[in-house]
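Me: Hi! I have a structure to look at and could use some help reading it. Can we go through it together?

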Amino acid sequence: MIRKATLQDTPRAVVMLCAFVQSCRPQYGDAVDLFGKDHALRLFHSHLHPDAFAIVLADKNDLAQGLLLAMATAPLIAPVWVSKESSWWVEPSCRGKEAFRMLDQYEAWAVSRGCKLIGMSGMAGDERIASLYRRKGYHLAEQNFLKVA
């Protein structure tokens, strides 16, 4: 079941956000160790206000097994509203069609907010997620290059 995230989801959200960041270790190296539970808590809570997007994929016991967080903004570079996913994580055992419906709900929210562009991110080289995004109508629009200091 997909539902709006609440404060009661905080403990599971922190666990999932930390798992998400740890999954990024191949790209970011030890820099992922800078992301701790306190930061995960702030990230999750920053998405619980009415202008942000936060949903969870809950199991039959209403325990969050996935989350999708996003914000909408008008960037300085263009006079157009853009939504940007902050984090999308679903526990591996719960990935499937219901997880993809989370993306549908995010897109509907972005359109309802007047966004003309909807952004998703994925790790470089992850062809599975890139293929999913392409099937959903996304295209590669920008690349970021990072160096671990």
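Reply: Happy to! One term to start with: two strands count as paired if DSSP finds at least two bridges between them. Keep in mind that this is a predicted model.

Me: Got it. So how many strands form the sheet, and in what order?

Reply: Five strands make an open sheet, ordered E1-E2-E3-E4-E5, with mixed pairing. From one strand to the next, the twist averages 25°.

Me: Which strands stand at the edges?

Reply: Those are E1 (2–4) and E5 (117–119). Each has a single partner strand, so one side of each is left without a neighbour in the sheet.

Me: And how do E2 and E3 pair?

Reply: They run antiparallel, paired over seven bridges. Valine 56 stands opposite leucine 67 in E3.

Me: Which strands does H4 touch?

Reply: H4 packs on the sheet and touches E1, E2, E3, E4 and E5. Its direction makes about 160° with that of E4.

Me: Okay, new topic. What's in the largest nonpolar core?

Reply: That core has 21 residues, and Leu68, Trp88, Met102 and Tyr106 have the most contacts inside it. H4 gives the largest share, six residues. Methionine 102 touches several residues further off in sequence, including Ile2, Leu68 and Trp88.

Me: Last thing: how many disulfides are there?

Reply: Zero. For cysteine 94, the nearest cysteine sulfur is that of cysteine 18, 18 Å away.

Me: Is cysteine 18 buried or exposed?

Reply: Cysteine 18 counts as buried because its relative accessibility is 19%, and the cut-off for buried is under 20%. Cysteine 94, at 26%, is partly exposed.

How values were computed:
Residues numbered from 1 in each chain as written. Predicted model: local features only at pLDDT ≥ 70, side-chain atom pairs only at ≥ 80, totals over all residues. Heavy atoms only, no water. Disulfide = S-S within 2.5 Å. Buried < 20%, exposed > 50% of the residue type's maximum accessible area, 1.4 Å probe, protein only. Core = buried A, V, L, I, M, F, W, Y, C linked by side-chain atoms within 4.5 Å. Helix = DSSP H or I, 4+ residues; strand = E, 2+ residues; numbered from the N terminus. Contact = heavy atoms within 4.5 Å. Axes fitted to C-alpha atoms, helices over the stretch in contact; angles between N-to-C directions. Lists of a residue's contacts leave out its neighbours within four places in sequence.
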